[in-house]
Amino acid sequence: MRVSDGKRFGGAMGGLAAMVAAMAAAPARAEGMVGMPHAWGMGLQEAAGPIKEAIHDFNTLVFSIIVAITILVMLLLAWCVWRYRAEANPNPSTTSHHTLLEVAWTVVPVLILVVIAIPSFRLIYYQDRTPNADITISVQGRQWYWNYTYPDHGNFNFDSYPIAESDLPADQRHLYRLAVDNELVIPVGANVRVITTGYDVIHSFFVPALGIQRYTIPGRALETWMRADREGVFYGQCNQICGTNHWFMPIAVRAVSRTEFDTWVAQARTRFARADEPAAPAVAAAQGTVQIAQARD
Ligand SMILES: [Cu+2]
């Protein structure tokens with residue numbers, strides 16, 4: 001009896017644990033990993049690539065230092081309040097200088113800042129230049145949508161607009177202010193060089209799960225990069241106040257397998273072909289004029 005009860009209890013607990021695990025994994029299983037904010041999220045978004053992992057590491061370092069300093073200052077305050085209370089010190093101390101103490105409270109913070117600065121600069125330069133770029137994507141911020149170009153995949157170019165809440169299916173309403181009509185598609189595991197420019201005012205291309213953020217500035221091209229090590233959709237938003245509709249300028253990056261990416265590129269080249277623009281010289285040379293003539297028919 002006991003054994004069977006125990007088994008049943010164990011089974012129930014196992015079932016509960018499995019259910020919790022399934023609930024936690026449900027969105028991930030449904031459509032790969034999803035990088036988006038969630039209610040009561042207290043920390044950084046889960047990392048989907050190496051840059052975000054480096055940001056997590058840096059955040060852990062700085063946060064640990066902050067916690068240690070906070071605890072030290074609170075203990076010192078408490079000790080001073082107790083040790084130098086009026087009741088125990090009828091004659092107040094007249095000390096006004098303490099050279100060793102003054103040197104210490106200058107040198108120690110400098111050392112702490114150096115400890116923070118070294119990995120900080122390392123991270124900034126890690127984000128700055130693409131190591132062995134596999135593909136290049138041009139991102140342009142516009143009032144109030146994004147424009148993406150794939151210069152080394154036929155130079156096609158398309159706009160990415162937010163989807164109104166009423167146009168989202170009922171089960172996707174939680175993606176309001178994140179979902180877009182045309183997602184930025186990248187292959188998993190590829191180092192994607194991102195060149196940002198601005199069309200009208202300064203915007204900022206920001207996708208937290210991929211650890212990428214760059215201003216998009218009119219008249220200037222900035223470089224950064226990203227890599228998704230897992231398939232999934234990673235959401236972001238314009239992160240620089242850029243006018244009336246700044247609040248409604250979401251970004252969606254979909255990371256897919258190389259095969260799916262190649263299929264998508266083939267479709268996108270037709271879908272986003274622009275009749276008003278001649279093909280890029282490199283593409284024309286690669287394809288030959290006959291194929292281009294066929295494609296235009
Ligand atoms: Cu904006």
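Begin at Leu184, which is buried at 0% relative accessibility. This is a predicted model. Leu184 sits in strand 5, residues 184-187. Now select Tyr150 as well. The two residues are 34 apart along the chain, and their C-alpha atoms are separated by 9.9 Å.

**Stop 2: the copper ion**

Select the copper ion and its protein donors. They are Cys238 through SG, Gln240 through O, Cys242 through SG and His246 through ND1. These atoms lie 2.0 to 2.5 Å from the metal. What geometry does the site of the copper ion have? The site is tetrahedral, with angles of 86 to 127 degrees among the four donor atoms. Along the sequence, the donor residues follow the spacing C-x1-Q-x1-C-x3-H.

Turn on a surface and look at two of the donors. Is His246 buried or exposed? His246 counts as buried because its relative accessible area is 19%, and the cut-off for buried is under 20%. Gln240 has a relative accessible area of 26%, so Gln240 is partly exposed.

**Stop 3: Gly243 and Trp144**

Stay in this stretch of chain and pick Gly243. Gly243 belongs to the loop between strand 10 (232-237) and strand 11 (250-256). Its relative accessible area is 37%, which means Gly243 is partly exposed. Next, add Trp144 to the selection. Gly243 and Trp144 are 99 residues apart in sequence, yet 8.3 Å apart in space, C-alpha to C-alpha.

Keep Trp144 selected and check the backbone before it. Which peptide bond is cis, with omega near -5 degrees? The bond from Gln143 to Trp144 is. Trp144 itself lies in the loop between strand 2 (135-142) and strand 3 (145-150).

**Stop 4: two positive phi angles**

Follow the chain past strand 3 to Asn155. Asn155 is in the loop between strand 3 and strand 4 (156-160). Label its backbone torsions. Phi of Asn155 is near 60 degrees, a positive value in a residue that is not glycine. Asn155 is partly exposed, with a relative accessible area of 34%.

Then jump back to Trp40. This residue is not a glycine either, and has a positive phi of about 65 degrees. Trp40 lies in the loop between strand 1 (33-35) and helix 2. Is Trp40 buried or exposed? Its relative accessible area is 79%, so Trp40 counts as exposed.

**Stop 5: the annotated spans**

Select residues 61-82, then residues 103-125. An unreviewed UniProt entry gives both spans the feature "transmembrane region". Switch to cartoon. Residues 61-82 are 100% helix and 0% strand, and the end C-alpha atoms lie 32 Å apart. Residues 103-125 are also 100% helix and 0% strand. Here the end C-alpha atoms lie 33 Å apart.

**Stop 6: the second largest pocket**

Next, display the second largest pocket. How much space lies in this pocket? About 400 Å³. Two elements give two or more residues to its lining: helix 2 (50-83) and helix 3 (99-128).

Show the lining side chains in two batches:

- Pick Ile69, Leu72, Val73, Leu76, Trp79 and Cys80, which are among the lining residues.
- Add Leu101, Ala104, Trp105, Val108, Pro109 and Ile112, which also line the pocket.

Color the lining by class. There are twelve nonpolar residues, no polar ones and no charged ones.

**Stop 7: helix 4 and the loop after it**

Go to Val265, in helix 4 (residues 258-271). At 8% relative accessibility, Val265 counts as buried. Add Phe156 and draw a C-alpha to C-alpha distance. Val265 and Phe156 are 109 residues apart in sequence and 9.0 Å apart in space.

Finish at Ala273. This residue lies in the loop between helix 4 and helix 5 (281-287). Is Ala273 buried or exposed? With a relative accessible area of 52%, Ala273 is exposed, because exposed means over 50%. Last, select Phe158. Ala273 and Phe158 are 115 residues apart along the chain, and their C-alpha atoms are separated by 9.0 Å.

Notes:
Residues numbered from 1 in each chain as written. Predicted model: local features only at pLDDT ≥ 70, side-chain atom pairs only at ≥ 80, totals over all residues. Heavy atoms only, no water. Donors = N, O, S within 2.8 Å, 3.2 Å for Na, K, Ca; no water. Tetrahedral: all angles 85-135°; square planar, octahedral: opposite > 155°, others 65-115°. Buried < 20%, exposed > 50% of the residue type's maximum accessible area, 1.4 Å probe, protein only. 1 Å grid on protein atoms, 1.4 Å probe; cavity = no way out; pocket = protein on both sides within 12 Å on 5 of 7 lines; lining within 4 Å. Points joined across faces, edges and corners; volume = space filled by probe spheres on them. Helix = DSSP H or I, 4+ residues; strand = E, 2+ residues; numbered from the N terminus. Nonpolar A, V, L, I, M, F, W, Y, C, P; charged D, E, K, R; others polar. UniProt positions renumbered as here; feature names shortened; annotations may be inferred.
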